[in-house]
Amino acid sequence: MAKIIGGVTSSHIPAVGNAIANNLTQEPYWKRFFDGYGPAKEWLQKHKPDIAIVVYNDHGLNFFLDKQPTFALGCADIYPNADEGWGLKPVASFQGDAQLSWHIAESLVEQEFDITMCQEMLVDHGFVNPIRALYGTHDVWPIKAIPLAVNTVQHPVPTAKRCLALGRALRKAIESYPEDLKVVIMGTGGMSHQLQGERAGLINVEFDLETMDKIATDPEWMTQFSNAEIMRMAGTEGIETIMWLVMRGALQDDAKVIHKHYHAPISNTGAGVLVLENN
Ligand code: DHB
Ligand code: FE
């Protein structure tokens, strides 16, 4: 049977792709941020998951303001990279597993999560940068990956509670897949940031640290907040952090904290890395 071995969360700042492409990762501005991935990389090296479910948000590449699914699952065998900024060369395409995707889609719909199935999907910095920070850059990626897109762009955005419930449904879906696969769940985006308006530049270190702590030990904590309250505390784009709850819901309640790192600011954002392991 497929087994979820753990979860990794990471911010997805687009400037990270530029730092990697231009060999800036050891520069003083970037070093501490990239060093924060060290133990997460080691954990992935040691456990070698076969496939990652990457919970991320599309930034206008597949879905724009005219059409915006709340939850969309990649059901393809290949996901090409394309991006919306920095003029960077796309990285190699990611190999998926359409058979597993369709199993997850069937199970989620049966559990009353009416997701959009995508037989073609491009992936942007939201998907690519966490993988590059965790694995380096490859012509052939050492892990397969399935995109699970959550709308954090066009309101109404799903609640924290709904995201946690989606994670729990995802756990059931994966654990009922008959093939022996080691699966890691990646929760990406966040943490606090606001890119526009009067509060542009907002970062809330205290809220980020509490969020990281609670997502590990008491994820229901976040479900007490409305999206308006989360955005008031974490900034309008800080709402992306709800995607970490999909990862958390997919893991066991007593999953162990393996690694936690926080660095702010980087680009415009408070950036966190969290590794949780199922027993
Ligand atoms: C930044 C962060 C984001 O999550 C994003 O989508 C765009 C930019 C930033 O920190 O600059
Ligand atoms: Fe973003």
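Me: In which loop does M191 lie?
Reply: In this predicted model, a cis peptide bond joins G190 and M191, with omega at about -10 degrees. As for the place of M191 along the chain, the flanking elements are the strand β8 (182-188) and the helix α7 (205-217), and M191 lies in the loop between β8 and α7.

Me: Where is P156, the residue that follows H155 across a peptide bond that is cis?
Reply: The peptide bond that runs from H155 to P156 is cis, and its omega is near 10 degrees. P156 itself belongs to no helix or strand named here but to a connecting segment, namely the loop between β7 (144-150) and α6 (160-175).

Me: What is the phi of E112, which is not a glycine?
Reply: E112 has its place in the loop between α4 (98-110) and β6 (116-118). Although E112 is not a glycine, its phi is positive, with a value of about 75 degrees.

Me: Which residues coordinate the iron ion (ligand 2)?
Reply: Along the chain, the donors of the iron ion (ligand 2) follow the spacing H-x46-H-x180-E, a pattern that names two histidines and one glutamate. The coordinating atoms are NE2 in each histidine and OE in the glutamate, at 2.0 to 2.5 Å from the metal, and the residues are H12, H59 and E240.

Me: How many residues apart are H12 and E240, two of the donors of the iron ion?
Reply: H12 and E240 both coordinate the iron ion (ligand 2), and the pair links distant parts of the chain. H12 sits in the loop between β1 (3-10) and α1 (15-21), whereas E240 sits in the loop between α8 (227-234) and α9 (243-250), and the two are apart by 228 residues.

Me: What percentage of the accessible area of ligand 1 does the protein cover?
Reply: Oxygen atoms of ligand 1 have polar side-chain partners in the protein, among them H125 at 3.3 Å, S267 at 2.7 Å and N268 at 2.7 Å. On its own, ligand 1 has 290 Å² of accessible area, and the share of this that the protein covers is 89%.

Me: How many residues of the shell around ligand 1 are polar?
Reply: The space that ligand 1 takes is the largest pocket, and the residues around this ligand include H12, H59 and E240, which also coordinate the iron ion (ligand 2). Others around ligand 1 include I13, P14, L195 and T269. Divided by character, the shell has three nonpolar residues and one charged residue, and the number of polar ones is seven.

How values were computed:
Residues are numbered from 1 along each chain as its sequence is written. Chains are lettered from A and ligands numbered from 1 in the order in which they are written. This is a predicted model: local features need pLDDT of at least 70, side-chain atom pairs count only at pLDDT 80 or more; totals for chains, interfaces and linings use all residues. Side-chain values use heavy atoms; hydrogens and water are left out. A residue is near a molecule or strand if one of its heavy atoms lies within 4 Å of it. A polar contact is a pair of N or O atoms within 3.5 Å; within protein, one must be able to donate a hydrogen and the other to accept it, and residues adjacent in sequence count only if both atoms are side-chain atoms. Accessible areas come from the Shrake-Rupley method with a 1.4 Å probe; for residues, only the protein chains shown count as cover. On a 1 Å grid over the protein atoms alone, a cavity is a set of points where a 1.4 Å probe fits but cannot get out, and a pocket is an open set with protein on both sides within 12 Å along at least five of seven lines; lining residues have an atom within 4 Å of a point. A molecule sits in a cavity or pocket if more than half of its atoms lie within 2 Å of its grid points. Ala, Val, Leu, Ile, Met, Phe, Trp, Tyr, Cys and Pro count as nonpolar, Asp, Glu, Lys and Arg as charged, and the others, Gly among them, as polar. Donors are N, O and S atoms within 2.8 Å of the metal (3.2 Å for Na, K and Ca); water is not among the atoms, so sites may look incomplete. Helices (H or I, at least four residues) and strands (E, at least two) are DSSP runs, numbered from the N terminus.
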